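Student: Please take me through one part of this structure closely. I would like a single strand and its surroundings.

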Amino acid sequence: MALFIVRRLIGLVVVLFAITVLTFLIFFATPGVDPTRSLAGRNPTPETVAAVRHQFGLDRSKPEQYVLMMKRLFISRDLVSYGNQALKVVPAITAATPVTFSLVIGAAVIWILLSILTGVLAVVLKGSIWDPLLMIVALIGISMPVFWLGEVANLITQDRLHDTFLFSWVPPLGYTPLTENPWQWFLHLIIPWLTLAALYVGFYARVLRANLLDVANEDFVRTARAKGLSERRILTRHMLRTSMITFVSLFGLDFAVLVGGGALLTEVVFGLPGVGLLTYRSLQSLDLPVIMATVIYGAFFITIANAVVDILYARLDPRIRPT
Amino acid sequence: MAPPPPPLLEVRDLKVSFNTEDGVVRAVDGVSFTLGQGEVLGIVGESGSGKSVTMMSVLRLINDPNAVFEGEVLYKGRNVMDLPEDRMREVRGGEIAMIFQDPMTSLNPVYRVADQIAEAILTHRAIGKAAARTRAVDLLRQVGISQPERRADDFPHQFSGGMRQRAMIAMALANDPDILIADEPTTALDVTIQAQILDLIARLKDEFASAVILITHDLGVVAGIADRIGVMYAGRLVEFGGKRDLFYDPQHPYTWGLLGSIPRLDRPKQDRLHSIAGMPPSLIDPPAGCRFRPRCPHAFDRCETEPALEVRGGGARHLDRCWLDPESKRAVRDRTIRGESAAA
């Protein structure tokens, strides 16, 4: 186990190094991004430009600039945004993280529960009209882009039907921290949760259904039936349990991508000040320090999640457990 | 005098067909046999002859919506086909247990071996988990797993193929079933392990007082332990009799073919083992008359109508489906078994 963790940590460092270098190179290879322009203000004198370049280290060689940026990001933690020098990058990420986690964890709970329910129901009702019907609904869920679904949800709940009894409870767009007011936190997030979960419910339900039907033909399911087990027990203890191997590894990666900033569209549409929104804004103004920080943040969670998935995978499937 | 008790298991005119896109596959077409207390019945036939489907139907393990079942399966006088599903579950694993061909895939890979055996016990008996585990370990010892306390907590992938089949047998015998159905239990195993598993089944059937139905494609497998043997071909029994009758006085040319395809040390060495010419017939559109006719070297015009399964040339309880008259049959039989007339 210790060896596993050490290996993973080394892997993490390598991934972070590669991804930061890549981000750095892409940034400076992009035409017209010279940060001096936004840093030095309108119509600067050549002296000001030179001073600013020196102050931000932009007059040094690229490797030196890279090292400087990493130092300010990880060690002194005082890296500031190019666009807004009052914005310190590290605290900005720290502040945005709980918002993203609130959004993604809530959506994940919904999508796990609903997709297992849908997938199992489809298998149990196989042969009836309900199975194809559920799968069509799932396909619709997958097909709706999250930004479109979010905008439609907003249109309905914030505008068209907001004054009716149906959606008068929906608060304006934005976020209330859980620690401040749990009920408002919940109300602000419930529609973003459902919106973000829609795609995954559909996808996971279809994957689970296919997986369960595969497992249904396995010899050990026949053995379970020959033992005299009830269909319910065969389904939960034997079929569902084995299908969880695929389900969980899929979930780990999707969850990590979302936590790492992949919920960007949802955050933008619902005005949630999470890491995704931060990334979105920094991309719009080509703000390298913030982009760099969000990329590192994302890579960090994806690598961690990968390790967690590997551990869980071994817990779920004894065949790959080291003995 | 009281009427004789009904046999432990009686299958009457069982028919199983599957509706497919290409037509109706008659996998089992009118099979009847009985099984007595403690008896070992061998069912022999090649792939697709309907032997597995017959036995899976006895336990109602085929849940293909396209399958159609006809006939009766009487277990202790009651028709299994009419039992409600919850009563059927008590029969499965409790009174009639089954083991399967491939022990590699027949155990659930994610649960410990002892837990899977204990699950079978707990399904049928009101005992605690600890007691079930103790019994699971005892069973593993009885089927010849060394260090059963330690190996009980292994996962199936830590067992060899032979050990897994032993574990399957332990699981099947966990509730002292009246009948153990073994569907090609040795086919997936090495030859040396095959013999061990057959010995084990032969020993345990006495210890557990179970009747055994042994399904195989290999007459050599049933030679040792079966009391009676049924030979299936294209969904039908073509010959049924005691082991000695079947081996020393086989009546049906298909049985001769099966006997001829076993390598034997007590006969002069042949250049090559002979096989039965031709392919098994389609079960969608089986040949009219005797189903073996297209492959039979002795077919004649009478074979165009199918003979019933009844006592003909063999002993009093030796049934077969062949029109050849017993006298001329004996003359050609040995040559057929040696493969000579197959070439002629």
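Tutor: Start with a pairing. B:Leu41 has B:Ile213 as its bridge partner in E8(B). This is a predicted model. B:Leu41 belongs to E3(B), where it shares one side with B:Ile43, and both are buried. B:Val40, B:Gly42 and B:Val44 take the other side, and they are buried too. Both faces of E3(B) are thus covered. Strand E3 of chain B spans residues 40–44, and 5 of its 5 residues are buried, so the rest of the structure largely encloses it.

Now the strands beside it. E3(B) and E8(B) run parallel, joined by 5 bridges. E3(B) also runs parallel to strand E9 of chain B (residues 228–233), with 4 bridges between them. On that side, B:Val44 has B:Val231 as its bridge partner in E9(B).

Next, go to B:Thr216, which is found in strand E8 of chain B (residues 211–216). Its relative accessibility is 4%, and buried means under 20%, so B:Thr216 counts as buried. Leaving aside neighbours within four places in sequence, B:Thr216 is in contact with B:Ile43, B:Val44 and B:Gly45, and also with B:Lys51, B:Glu184, B:Val221 and B:Val222. Take B:Lys51 from that list. B:Lys51 and B:Thr216 are 165 residues apart along the chain, yet their C-alpha atoms are separated by 8.3 Å. The side chain of B:Thr216 also has a polar atom 2.8 Å from the backbone nitrogen of B:Asp218.

Notes
Residues numbered from 1 in each chain as written. Chains lettered and ligands numbered in written order. Predicted model: local features only at pLDDT ≥ 70, side-chain atom pairs only at ≥ 80, totals over all residues. Heavy atoms only, no water. Helix = DSSP H or I, 4+ residues; strand = E, 2+ residues; numbered from the N terminus. Buried < 20%, exposed > 50% of the residue type's maximum accessible area, 1.4 Å probe, protein only. Contact = heavy atoms within 4.5 Å. Polar contact = N/O pair within 3.5 Å; in protein donor to acceptor, adjacent residues only side chain to side chain. Pairing = 2+ DSSP bridges.
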